[in-house]
Amino acid sequence: MSQKRNITKEDCYERDSLQKKNLSGTKEDAKGILRKMPLTLRLIRKILEMIAIIDYDAGNIKSVEKACLALGEKPVVSREPEVLRRADRIILPGVGAFGDAMKKLEQYGLIPVIREAAASGRPFLGICLGLQLMFESSEESPGVEGLGLLPGHIRKIPSGGGRKIPHMGWNSLEISADSRLFSGVSSGSFVYFVHSYYLPAEEADLTGAVTDYGVRIRAAAERGNLFACQFHPEKSSRVGRRILKNFLEL
């Protein structure tokens, strides 16, 4: 016949120690799952969501596509309205003349599609000429209306003071503290510009970034779901990759 053993203080300490160890293990397991979830969610997003680059014969489409691929994304380059309507994020690249670009967008029936996308709340990014097209007009093409997604008018960079036009090269940025596009990017970072026309920094109440080239230039604009860069993030090395990554992860 087995004898009943009295429970000692040491038994209670041992039991409490085991319980704490088990609880600790449970917390560590939970933390491990939480650490893994962001990566899993990113992978799911990449599978399910579509990034579209608008194809209207702009010269920098391939370089923007290549930059997205380098970040692990698989963008769709298209001018088909139904494809663009299904996209979760849209990029409007561009180099060249304001008037010619607006004519191309009209020719391919893209103007109403772009305005619809901008109004839908989906993240939308204009690059270089793409930024200029998002505003109301440009001195480069008098009488030609822009997309009017954001208020403001594009001006010609004034000559003089030893400035070369077009503005071509690396300039530093003054970044708004509340910018989502520049999250993790420090003020003073350099990016690459090629342009002769610009949005004056004081023209519109926008967040983003500004730079100085004899005049105060709105280097990047941000309002709601609309984002735009006068510079080329796809040609701006590590800083540009971070900016594109921020947009692609919105």
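**Reading a predicted model: a dialogue**

Guide: In this predicted model, the largest nonpolar core has 64 residues, and Leu 105, Leu 133, Phe 182 and Phe 231 have the most contacts inside it.

Visitor: Which general idea should I keep in mind when I read a core?

Guide: In soluble globular proteins, nonpolar side chains tend to be buried together. Take Leu 105 as the case here: leaving aside residues up to four places away in sequence, Leu 105 touches Tyr 56, Leu 92, Leu 110, Ile 111, Ile 114, Leu 133 and Leu 147. Another core, of five residues, lies apart from the largest one; among its members are Ile 157, Tyr 198, Val 215 and Ile 217.

Visitor: How should I read a helix such as α2, and which of its residues are buried?

Guide: A residue is called buried when its relative accessible area is under 20%. In α2, which spans residues 61–70, the buried residues are Ile 61, Val 64, Glu 65, Ala 67 and Cys 68. These residues lie on the same side of α2 because they cover an arc of only 160° around the axis. The face turned away from that buried side carries the exposed residues Lys 62, Lys 66 and Ala 70.

Visitor: What covers the buried residues of α2?

Guide: The cover includes the strands β1 (51–54), β2 (76–78), β3 (89–92) and β4 (124–127), together with helix α7 (237–248). After α2 comes Gly 72, with a positive phi near 90°.

Visitor: Which residues have a positive phi although they are not glycines?

Guide: Cys 128 is one of them, with a phi of about 55°. Cys 128 belongs to the loop between β4 and α6 and is buried, at a relative accessible area of 5%. Ser 237 also has a positive phi of about 55°. Ser 237 is placed in helix α7 and is partly exposed, at 44% relative accessibility.

Visitor: How should I read the largest pocket, and which residues line it?

Guide: One may consider its space, then its lining. The space in the largest pocket is about 150 Å³. Its lining includes Cys 128, Glu 140, Pro 166 and His 195. The elements giving two or more residues to this lining are α6 (129–133) and β9 (190–195). By class, the lining has six nonpolar, four polar and one charged residues.

Visitor: Where is Pro 166 found, and what kind of peptide bond joins it to Ile 165?

Guide: Pro 166 is in the loop between β6 (153–156) and β7 (167–172). The bond between Ile 165 and Pro 166 is a cis peptide bond, with omega about 10°.

How values were computed
Residues numbered from 1 in each chain as written. Predicted model: local features only at pLDDT ≥ 70, side-chain atom pairs only at ≥ 80, totals over all residues. Heavy atoms only, no water. Buried < 20%, exposed > 50% of the residue type's maximum accessible area, 1.4 Å probe, protein only. Helix = DSSP H or I, 4+ residues; strand = E, 2+ residues; numbered from the N terminus. Arc of directions from axis to C-beta. Contact = heavy atoms within 4.5 Å. 1 Å grid on protein atoms, 1.4 Å probe; cavity = no way out; pocket = protein on both sides within 12 Å on 5 of 7 lines; lining within 4 Å. Points joined across faces, edges and corners; volume = space filled by probe spheres on them. Nonpolar A, V, L, I, M, F, W, Y, C, P; charged D, E, K, R; others polar. Core = buried A, V, L, I, M, F, W, Y, C linked by side-chain atoms within 4.5 Å.
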